[in-house]
Amino acid sequence: MLDPIIAFFQRVFAAIGRGVGLVVAWLLWPFLAAHGWYRDRSWIIKGPILGILLLLILAYGQFFYRTQIWNGFDPAFVQTYKLDARKVPAGAPLPDQANRCQDSAVVTLAAALTDQNVNQNTWISSTLLYKVGFFGIDWDNTPFFDNKASFQRGVNQVVRRTAIQLADNLGRVRGTSGINNDLQDARGNIQFDEGTWYFGVDPFGFKTPTPSYYRAAVDSWNRFNTSLANCEAVFDSRADNLLQLLEGMASDLGNTSDILRRRSEEFNAGWFDTRADDRYWFAFGQLYAQYALLKAAHADFADVIRERNLTAIWAEMERQLQGALKIQPAIISNGREDGWIMPTHLATMGFYTLRVRSNMVEIRAILDR
């Protein structure tokens, strides 16, 4: 009685096997044809082709390593700077040390975040293979190899915003002093295009790649901090300057939250949304950098935070940032909010982004009274 059923399934599996065989044969045919052609050629032709293939294998192996290995990545790395041990705000004379002042934690962390992007790691967005893309398709439009680049750009976006505040407000006494040259140079260099390689559209137009400019910004920030420590520069840790620093960060989070919301609402492809990962990791990079710089701002503006009774709400803001940075899924999913199979990581990140922004808005309101 079971014989007809068994025979039926045998025919089904045999058909599936033939179908799989045809697909495999179709996929392998170009390689088999190329192998046959290559086998019949002389070594005058074989040699250069083999060299090019080996070069491609090495190049893509390096590309894989650069995009998948994240050196120095640690959401809690700011703890190594022991900012809580600082006794006085940035720019204030150090107790019991003649002609020595406290350097700026904000400047230190801006330099450290950029150093992590371009010295401890390769700046992915300006590498040749990243710019070439996947058979001409931008890597950001694929699910592969773009997470680290998006994260780096998120970090850099926050540092760029901070560089403007440092040059225009924090590094000078408003109305009575000029812009500090080191901070001005750092601002100009960190604003440089994120995707410049040695050559552009014009193959004969040699260019300085992006990482060189960012490294120059790190050097400028370090020089400023050295001058500040020698009491030769200014860091104006006033409440209105802290207010402007927070306004810039809150504005960026509002924009990112809107991007996450629109992507989450308009695309519900779950694990198959090829742009969800770069949206997510860009937002993660923003929060990663903001957490470090807000911890630094807490040290630089310690007197303002204490005098305005902001300690509790500032600590709550930092806890919200820490909570967001604990969410590190292996695969980013952009599912429906009421879905039960595929999660919605974009909506989750958007929720934390708005909570952090809400804390910033509340602090801004207190500072603005």
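Colleague: In which helix is W43 found?

Modeller: In this predicted model, W43 is found in helix 2, which covers residues 43-68.

Colleague: Why is W43 called exposed?

Modeller: The relative accessibility of W43 is 59%, and since the word exposed applies to values over 50%, W43 counts as exposed.

Colleague: What makes the nonpolar surface patch that includes W43?

Modeller: The patch is made by W43, L50, L54 and I57, and its area is about 450 Å²; residues enter such a patch with over 30% relative accessible area, a cut-off that W43 passes because its value is 59%.

Colleague: Turning to the interior, which residues touch the most other members of the largest nonpolar core?

Modeller: That core has 76 residues, and those touching the most other members are L113, W221, L242, W314, M360 and L367. Helix 9, residues 276-300, gives the most to this core, with 15 residues. Apart from it lies another core, of six residues, including I124, L129, Y130 and A149.

Colleague: With which residues is L367 in contact, leaving aside its neighbours within four places in sequence?

Modeller: Once those neighbours are set aside, L367 is in contact with A239, L242, L243, L246, V304, R308 and L310, where a contact requires heavy atoms within 4.5 Å.

Colleague: How many helices and strands are there in the chain, and what share of its residues is buried?

Modeller: The chain has twelve helices and zero strands, and of its 369 residues 43% are buried, a word that stands for under 20% relative accessible area. Among contacts with a separation of 6 or more, 77% join residues 24 or more positions apart.

Definitions and conventions
Residues numbered from 1 in each chain as written. Predicted model: local features only at pLDDT ≥ 70, side-chain atom pairs only at ≥ 80, totals over all residues. Heavy atoms only, no water. Core = buried A, V, L, I, M, F, W, Y, C linked by side-chain atoms within 4.5 Å. Buried < 20%, exposed > 50% of the residue type's maximum accessible area, 1.4 Å probe, protein only. Helix = DSSP H or I, 4+ residues; strand = E, 2+ residues; numbered from the N terminus. Patch = residues over 30% accessible without salt bridge, like charges linked within 9 Å, V, L, I, M, F, W, Y side chains within 5 Å. Areas by Shrake-Rupley, 256 points an atom, 1.4 Å probe, with all protein chains shown as cover. Salt bridge = Lys/Arg side-chain N within 4 Å of Asp/Glu carboxyl O.
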